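Visitor: I should like to go through the reasoning behind the terms used for this model. Please show the structure before we begin.

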Amino acid sequence: MRLLKPDICVIGAGSAGLSVAAGAAQLGAATVLIEAGAMGGDCLNYGCVPSKALLAAAKAAMQHRHAAGFGVEYAPPRIDLARVRAHIKETIAAIAPHDSVERFEGLGVTVLRSWARFVDDRTVEAGDARIRARRFVLATGSSAFVPPIAGIDQVPHLTNEMVFEHVAEIRDLIVLGGGPIGVELAQGFARLGAKVQLVEMARLLPRDDAQAVELVRASLQRDGIALHEGAAATEAQRAGDRIRLAIRGAKGEVRWLEGGHLLVAVGRKPRVENLGLEQGGIAATSKGIQVDGGLRTTNRRVYAIGDCNGGPAFTHVAGHQAGLVIRSALFRLPVSFDARALPWVTYSDPELAQIGVTEEAARRDHGDVVVTHQPVAGNDRAHTDRHEAGFLKIVSNRRGRVLGVTIVGVQAGELLAPWCLAMARGLKLSAVAGPMLPYPTLSEMGKRAAGQFYAGRLFSPATRKLVRVLRWFG
Ligand SMILES: Cc1cc2nc3c(=O)[nH]c(=O)nc-3n(C[C@H](O)[C@H](O)[C@H](O)COP(=O)(O)OP(=O)(O)OC[C@H]3O[C@@H](n4cnc5c(N)ncnc54)[C@H](O)[C@@H]3O)c2cc1C
């Protein structure tokens with residue numbers, strides 16, 4: 001067995017692990033990267049990329065509906081699902097070189113294609129190699145959580161890992177789970193012509209602003225999706241080549257749904273098994289690998305970042321935490337992961353983007369807050385483009401410090417960027433209200449909402465009096 005002694009050893013080549021390995025190697029650190037599955041992890045192969053490629057196809061399938069309002073008529077679309085599947089594969093293939101073994105070896109990283117496990121608190125084994133690194137980074141990600149519903153193990157069901165392989169066959173889908181993944185895929189498949197039923201135990205998108213979710217809900221219903229909110233799946237059965245799913249509503253009533261495919265999207269389960277965590281002196285539960293504020297595990301040599309530590313499961317969180325680990329491991333700087341300025345977007349139509357706290361959470365936890373609401377319909381560009389649905393809502397304290405922003409509507413995810421900057425830098429609303437923006441753009445909506453915060457003070461009797469006095473001076 002060969003022995004490697006790098007500065008840093010990264011386990012998992014998904015969003016988190018790749019970012020650490022690329023950064024560390026470019027800073028001159030001897031780096032080993034170990035990956036047993038597909039390079040790029042979930043995001044590239046079974047997550048963000050294929051799901052957004054599917055949604056792009058679904059959006060194209062809707063163009064005729066939107067164009068009619070401009071007086072442009074298209075024939076209703078004929079959808080070739082095999083071609084949609086090919087488009088998803090092509091998208092992954094176009095991005096894959098960026099995450100490939102070749103690219104990382106080109107950066108000077110030693111890439112091992114094998115399963116890795118700790119054999120003691122300083123050593124990892126992977127294939128024919130033993131690695132004794134100065135620092136280790138666990139970036140092993142997560143997999144779909146399949147809830148213990150009676151009969152589920154006897155019924156063929158899809159998770160994010162297989163669903164994109166089956167795109168060309170899905171005509172009649174039951175989606176279990178109304179979080180971002182369930183909502184996006186339900187709408188994507190519905191718009192590509194499938195009959196879709198969605199089951200959610202709580203309400204749709206339970207972490208998001210209820211008023212914004214209402215617009216997403218209405219849109220899903222317009223797409224013909226049968227929504228079963230407040231309904232828990234209790235039993236799954238096979239019925240020939242079809243699937244039956246029992247759901248129990250709030251009053252205890254049970255109904256059976258039937259579909260051709262079942263997609264389970266009820267949440268994520270951090271990957272903590274078969275890693276030799278005990279031998280490595282690394283504490284973990286089924287909720288994830290335990291880390292402190294600086295992302296270190298109970299073994300001080302080992303960090304755990306991305307989905308595997310049970311924190312917010314997003315690619316941008318994985319990337320951000322990778323940057324913190326580089327600062328801590330290579331520059332010995334103190335770091336701390338702060339989730340207060342965490343953004344997230346559900347790429348439904350309308351898109352729903354959030355950063356910081358929602359209005360509901362702010363009223364509960366902060367009490368004295370100011371809420372500024374700007375309808376998308378108040379924006380000129382929204383009218384020219386016939387995308388008037390939605391709103392932007394800012395939650396701030398009385399001094400104009402931003403606590404959270406909700407945007408629902410077209411391009412909400414893109415419109416969130418200035419608010420990410422404002423929250424990360426602790427800026428006041430005046431910083432967003434001040435700059436000149438090009439007209440007509442959707443971005444003006446944010447500037448206008450921020451300006452609205454000051455409107456009460458600006459157009460007050462006191463300011464009017466000041467203007468009168470200054471006029472008197474000539
Ligand atoms: C359908 C779907 C859509 C999504 N859309 C978005 C989105 O739009 N935006 C967003 O921000 N996030 C999105 N996410 C979440 C995002 O994909 C994850 O947060 C992100 O991929 C986590 O990255 P990671 O590096 O922590 O883990 P992963 O990407 O899961 O990578 C972990 C890697 O570690 C490897 N590994 C595990 N154990 C070992 C071992 N012992 N030895 C060797 N290798 C090992 C695995 O094979 C895997 O490749 C989506 C997720 C899904 C499922």
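Guide: In this predicted model, the lining of the second largest pocket divides into ten nonpolar, ten polar and ten charged residues.

Visitor: How do you know which residues of the lining count as charged?

Guide: Asp, Glu, Lys and Arg count as charged. Among the 30 lining residues, those closest to the pocket centre are Lys59, Arg191, Asp349, His387 and Val410. Lys59, Arg191 and Asp349 therefore belong to the charged group, His387 to the polar group and Val410 to the nonpolar group.

Visitor: How much space lies in the second largest pocket, and which helix supplies the largest share of its lining?

Guide: The space amounts to about 1000 Å³. The largest share of the lining, five residues, comes from helix H3. Helices H3 (48-61), H4 (63-67), H8 (180-191), H9 (210-222) and H13 (412-415) each contribute at least two residues.

Visitor: Why are H3 and H5 called oblique to each other?

Guide: The axes of H3 and H5 (residues 81-95) cross at roughly 135° and come within 9 Å. Angles over 145 degrees count as roughly antiparallel and those from 65 to 115 as roughly perpendicular. The crossing of H3 and H5 falls in neither range, so the two helices are oblique. The crossing in which H3 passes H5 is right-handed.

Visitor: What makes E1 and E5 the edges of the open sheet?

Guide: The four strands follow the order E1-E7-E6-E5, with mixed pairing. Strand E1 (2-4) and strand E5 (116-120) each have a single partner strand, so one side of each is left without a neighbour in the sheet. Neighbouring strands are turned by 30° against each other on average, direction ignored.

Visitor: How do you know that E1 and E7 pair?

Guide: Pairing requires at least two bridges. Three bridges join E1 to E7 (residues 129-131), so the requirement is met. These strands run parallel, and Leu3 stands opposite Arg130 in E7.

Visitor: What makes E5 and E6 a pair?

Guide: Four bridges join E5 to E6 (residues 123-126). With at least two bridges needed, E5 and E6 therefore count as paired. The two strands run antiparallel, and Arg117 has Glu125 in E6 as its bridge partner. A hairpin joins E5 to E6 through two residues.

Key
Residues are numbered from 1 along each chain as its sequence is written. This is a predicted model: local features need pLDDT of at least 70, side-chain atom pairs count only at pLDDT 80 or more; totals for chains, interfaces and linings use all residues. Side-chain values use heavy atoms; hydrogens and water are left out. Axes are lines fitted to C-alpha atoms, for helices over the stretch in contact, and angles run from 0 to 180 degrees between N-to-C directions. On a 1 Å grid over the protein atoms alone, a cavity is a set of points where a 1.4 Å probe fits but cannot get out, and a pocket is an open set with protein on both sides within 12 Å along at least five of seven lines; lining residues have an atom within 4 Å of a point. Grid points are joined across faces, edges and corners, and a volume is the space filled by probe spheres set on the points. A crossing is left-handed if the near helix is turned anticlockwise from the far one by less than a right angle, and right-handed if clockwise.
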